[in-house]
Amino acid sequence: MKDISTVVWKELSEFWRARGGSRARLMSFLPIFFVFGVFWPLQGREAWVTVPFLPGFLFMILPLTLAGGTAADSFAGERERHTLETLLATRLSDRDIFAGKVLATTIYCTALVWACALISLITLNVSRGSNPIFWYSEISVFLIALGTPLLAVLMTAIGVLVSLRAATVRSAAQTFSIVTLLVFIGVPLLIQALPPAMQASLVEMVATANMTLVALAAGTVVLAASIALLALGIARFQRTRLILEE
Amino acid sequence: MTGYAIETKEMTRCFGALRAVDRVSLQVPTGSIFGFLGPNGAGKTTTLRLLLGLLELNGGSATVLGYDVSTQAASIREHTGVLLEHDGLYARLSIYDNLEFFGRVYHLDVRTRQARIQELLKHLGLWDRRDADVTKLSKGMKQKVAVARALLHRPSLVFLDEPSAGLDPVAAVALREDIQNLARKEGTTIFLTTHNLAEAEKICDCVGVIRKGQLLTQTSPAELRSQTGKATARIVGHGFSDSSLAALRALPQVESAVLRDDELHLELGPGTEIPPLVTWLVREGIQIEEVHKGRGSLEEAFVALMQENGQEHREVLS
Ligand SMILES: Nc1ncnc2c1ncn2[C@@H]1O[C@H](COP(=O)(O)OP(=O)(O)OP(=O)(O)O)[C@@H](O)[C@H]1O
Ligand SMILES: [Mg+2]
């Protein structure tokens, strides 16, 4: 555990320091905070209150778009910046390095979402004045609190797998975007390819289903996929193999 | 444990058909500074990676600090420090945070960590710059920080892969002295690879020469020099003529004589005495101003070793 937290400490320090001086660091988060914490809540003020899952869904965009790139930077970046071999020559075990990196990426994305959720809450309550206090619906709380880290782990796992072999962050990012594109295009195509009857029942299922159940089901799928991909990642993260791919 | 920090027997590693390390049997005495010499692509870095358990052996065996490289590599990495081909520093972190990270990796407690980082950085003259980002440092400074990192947890063995590569001569000398002082002070065994023979000659107690994956010899620098190095002399004077040069070259103890401006460069056979040669030159009517006697350098010895077939030098200490 101590070793994992050491790696996490290093990774988070790097994420943080990557953004220049401390003023520049805060500034670089401002666009994200503005869009997710101020702009959207104000734009869809009523919808945020009436559509229970909307805020939660919106926040999922962050882990979806950020985690993969962050993971690619963490794994492929270490090779590109020539620090990998020195890290592998330390007493740290393969597992601790791997776990520390995955955990750091997850913490980073989750912290960002939670910060945005908090800012949104303030924005909405301030803008609604004396109306009853706004608080996220159960489903949104579920998505923000648990969905974010889950999705971050999944995207991290994908990011790790594409970047284990990549020589540079750029090539890792390219492979990653192709993979995610395939998923985003592939799933709708797959649904379209289904026979019309099945499509109709699918639509009906989604329309009538209890959103909590859907979220739980989706969460389970994401969790299972993450575990499978992480297991694959750990199996491939071996120093004697990583060195050869320098 | 034997008196050897590193002991390999017929250690072999292939990449496809290439034998990058070919039946290398080495012994590095505990507490010594060992220089691993060889031309580009000789297998130095590969040897180092094998000893750290970063690559698997294809044959033979090796122990480092008494641990087997194939089965106990984690223990080896626990007790060694490294400076590999790249400095391996995190460019986005400050000097201090880089060392802080590695201090945590090796489970140094907060106090020990702070004291040790301060001690090393002060010794290397970098304490005042501890908060500077590594990106902002010169190559020489980075090498120093990397050396500090390698020594941070007081490992009993340190691997340095070309520590002075890319440094200017002054920085290289400074770094060499730092390494030497720190190693002596703390009784650390040092295994360093280098192309810089002058460096090896100055700090190493023992050198190994590798070429095409094969260990040609393992000996002391002085021994290596006398094995293959030639004695030389440089004579400054006037009145050299073609006939006197020809006569000089005809002498049995003179292997070569080259005149550049007013300087005569001689390569001499083993055990040649200089005074009789000077007398001989004076008799030839040459006015001599200066005589410089050179020992064969390790560099020459090295080149000679590389040019030889290598066959007779393969009887390695095994
Ligand atoms: N991962 C690898 N895959 C294939 N061949 C390799 C690999 N690593 C090294 N080699 C080959 O093994 C040989 C020895 O390489 P090595 O890096 O050990 O040489 P070196 O003595 O460190 O050279 P230099 O002085 O240039 O650093 C070279 O021919 C090199 O091409
Ligand atoms: Mg090398």
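Buried area is the accessible area, with a 1.4 Å probe, that two parts lose on being put together, summed over both. The exercises below apply to a predicted model.

**Exercise 1. Confidence**

Task: State what mean pLDDT chain B has, and find where in chain B pLDDT stays under 50.

Solution:
- Start with the chain as a whole: chain B has a mean pLDDT of 87, and 93% of its residues reach 70 or more.
- Next, look for the weak stretch: residues 309-318 of chain B stay under 50. For these residues the model has 19 contacts beyond four places in sequence.
- For the model overall, the scores are ipTM 0.85 and pTM 0.82.

**Exercise 2. Extent of the interface**

Task: Determine how many residues of chain B are in contact with chain A, and what area the two chains bury between them.

Solution:
- Count the residues on each side: 31 of chain B are in contact with 28 of chain A.
- Then take the area: chains B and A bury about 2900 Å² between them, and carbon and sulfur atoms carry 62% of it.
- On the side of chain B, the residues that lose the most area to chain A are B:Leu54, B:Tyr90 and B:Arg92, together 25% of what that side buries.

**Exercise 3. Polar links and make-up of the interface**

Task: Give the count of salt bridges between chain B and chain A, and identify which element of chain B supplies the largest share of the side that touches chain A.

Solution:
- The count of salt bridges between the two chains is three.
- One of them can be checked against the cut-off of 4 Å between a side-chain nitrogen of Lys or Arg and a carboxyl oxygen of Asp or Glu. In the pair A:Glu85 and B:Arg49, the closest N and O atoms are 2.7 Å apart.
- Polar contacts, with both residues at pLDDT 80 or more, link nine residue pairs.
- Strand S1 (4-15), helix H2 (73-78) and helix H3 (95-105) of chain B each give two or more residues to the side that touches chain A. H3(B) provides the largest share, six residues.
- Sorted by class, that side of chain B has 13 nonpolar, 13 charged and five polar residues.

**Exercise 4. Ligand 1**

Task: Locate ligand 1 with respect to the chains, and list which residues come nearest.

Solution:
- Ligand 1 lies between chains A and B.
- Of the 14 residues around ligand 1, those that come nearest are B:Gly41, B:Lys44, B:Thr45, B:Thr46 and B:His195.
- Now examine oxygen atoms of the ligand. A polar side-chain atom of B:Thr45 is 2.7 Å from one, and an N or O atom in the side chain of B:Thr46 is 2.6 Å from one.
- B:Ala42 takes part through its backbone, with a polar atom 3.1 Å from an oxygen atom of ligand 1.

Conventions: Residues are numbered from 1 along each chain as its sequence is written. Chains are lettered from A and ligands numbered from 1 in the order in which they are written. Side-chain values use heavy atoms; hydrogens and water are left out. pLDDT is the predictor's confidence in each residue, from 0 to 100. Contact means heavy atoms within 4.5 Å. A polar contact is a pair of N or O atoms within 3.5 Å; within protein, one must be able to donate a hydrogen and the other to accept it, and residues adjacent in sequence count only if both atoms are side-chain atoms. Helices (H or I, at least four residues) and strands (E, at least two) are DSSP runs, numbered from the N terminus. Ala, Val, Leu, Ile, Met, Phe, Trp, Tyr, Cys and Pro count as nonpolar, Asp, Glu, Lys and Arg as charged, and the others, Gly among them, as polar. A residue is near a molecule or strand if one of its heavy atoms lies within 4 Å of it.
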